[in-house]
Amino acid sequence: MFGLTIIPAFEKGARLPFFYLAGTLMLLGLWFMWLLDTSRVGAVFRSLRQNEDLASSLGINVAKYRVVAFMVSCFYAGVGGAFFATLQQNVYPTTFQVLDSVYFMVYCFVGGLEFVVGPLVGAVVMMSSFELLHEFQRYQTVIFSGLMILCILLMPNGILSVIKRRSGKSEEASNA
């Protein structure tokens with residue numbers, strides 16, 4: 001760009017350029033989602049998540065915003081898929097299993113569905129726990145399942161909702 005090499009040539013085996021590109025794509029994607037979440041469209045999406053019938057009675061075109069949500073999801077999936085295919089140099093039907101899809105959903109639930117950075121926080125927490133439980137690989141699934149049940153019971157809206165709730169209580173205590 002303007003005669004400068006921002007990302008060096010992608011060569012086979014060179015992972016650092018992909019790391020920089022992945023970080024850039026992640027930051028741009030989070031920024032765009034934050035803009036969308038804080039806009040009027042984000043408020044409409046939140047109202048649809050709470051109660052579609054009520055949103056429809058207020059004059060919101062539910063079908064239109066479902067299509068918009070689907071378009072945004074497809075955009076992210078397309079960018080992620082293109083990046084993954086470039087990084088791996090091949091993609092087969094067996095590349096992803098059903099368990100991978102379950103893990104992706106778990107990352108979102110653990111971090112918090114209400115927050116833009118929720119899936120990122122969930123992925124960091126879960127990948128860290130996978131590494132910590134690696135020594136107990138035989139029992140990793142059982143331990144992981146038990147921890148997930150505890151998380152669902154104790155934090156139904158994710159880790160970030162607990163942090164938000166605690167910071168709200170501390171602000172109330174300092175204002176009082």
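Which helices do the buried residues of helix 4 pack against? They pack against helix 1, helix 2 (40-50) and helix 3. Before we go on, a word about what you're looking at. This is a predicted model, where local features need pLDDT of at least 70, side-chain atom pairs count only at pLDDT 80 or more, and totals for chains, interfaces and linings use all residues. Residues are numbered from 1 along each chain as its sequence is written, and side-chain values use heavy atoms, with hydrogens and water left out.

**Helix 4 and what surrounds it**

A helix here is a DSSP run (H or I, at least four residues), numbered from the N terminus. Buried means under 20% relative accessible area, exposed means over 50%, and partly exposed is in between (1.4 Å probe, protein chains only). By that yardstick, helix 4 buries Val62, Tyr65, Val72 and Phe83. Packing rests on contact, meaning heavy atoms within 4.5 Å.

Three of the helices can be checked for length. The expected span of a helix is 1.5 Å times one less than its number of residues. Here is how they come out:

| Helix | Residues in helix | Expected span | Distance between end C-alpha atoms |
|---|---|---|---|
| helix 4 | 27 residues | 39 Å | 38 Å |
| helix 5 | 14 residues | 20 Å | 20 Å |
| helix 7 | 15 residues | 21 Å | 21 Å |

Just past the end of helix 4, Gln89 takes a positive phi of about 70 degrees. Something similar turns up just after helix 5, where Gly112 has a positive phi of about 125 degrees.

**Two salt bridges**

Side chains of opposite charge can pair when their charged atoms come close. The structure holds two salt bridges, each being a side-chain nitrogen of Lys or Arg within 4 Å of a carboxyl oxygen of Asp or Glu. In one, Glu52 pairs with Arg66, with the closest N and O atoms 2.6 Å apart. Glu52 sits in helix 3 (residues 52-57) and Arg66 in helix 4 (residues 62-88), so this pair ties together parts that are 14 residues apart in sequence. Glu52 is partly exposed, at 32% relative accessibility.

In the other, the side chains of Asp37 and Arg46 meet at 2.9 Å, N to O. Asp37 is partly exposed, with a relative accessible area of 26%, and Arg46 is partly exposed too, at 33%.

**Val110 and helix 5**

Now for helix 5 (residues 98-111), which is home to Val110. Is Val110 buried or exposed? Val110 counts as buried because its relative accessibility is 5%. Leaving aside neighbours within four places in sequence, Val110 is in contact with Gly122, Val125, Met126, Met148, Gly158 and Ile159. Ser39, on the other hand, is 71 residues from Val110 in sequence and 25 Å from it in space, C-alpha to C-alpha.

Val110 has company: the buried residues of helix 5 are Val106, Tyr107, Val110 and Gly111. They cover an arc of only 115 degrees around the axis, which puts them on the same side of helix 5. That arc is taken from the directions from the helix axis to the C-beta atoms. An α-helix has 3.6 residues a turn, so residues three or four places apart point the same way.

One of the partners of Val110 is Val125, which lies in helix 6. Val125 is partly exposed, with a relative accessible area of 33%. Not counting residues up to four places away in sequence, Val125 touches Val110 and Ile159. Val125 and Gly111 are 14 residues apart in sequence and 8.1 Å apart in space, C-alpha to C-alpha.

**Helix 7, two-faced**

Met148, another contact of Val110, belongs to the buried set of helix 7, together with Gln140 and Phe144. Seen down the axis of helix 7, these buried residues fall within an arc of 65 degrees, so they line one face of the helix. They pack against helix 5 and helix 6. The face turned away from this buried side carries the exposed residues Val142, Ile149, Leu153 and Leu154.

**A nonpolar patch**

Finally, look at the surface. Met26, Leu27, Val117, Leu120 and Val124 make a nonpolar patch of about 420 Å². Patch members have over 30% relative accessible area and no salt bridge, with nonpolar side chains (Val, Leu, Ile, Met, Phe, Trp, Tyr) joined within 5 Å and like charges within 9 Å. Areas come from the Shrake-Rupley method with a 1.4 Å probe, and for residues only the protein chains shown count as cover. Helix 1 (16-37) and helix 6 (118-132) each supply at least two residues of the patch. Val117 is in the loop between helix 5 and helix 6, and counts as partly exposed because its relative accessibility is 36%.
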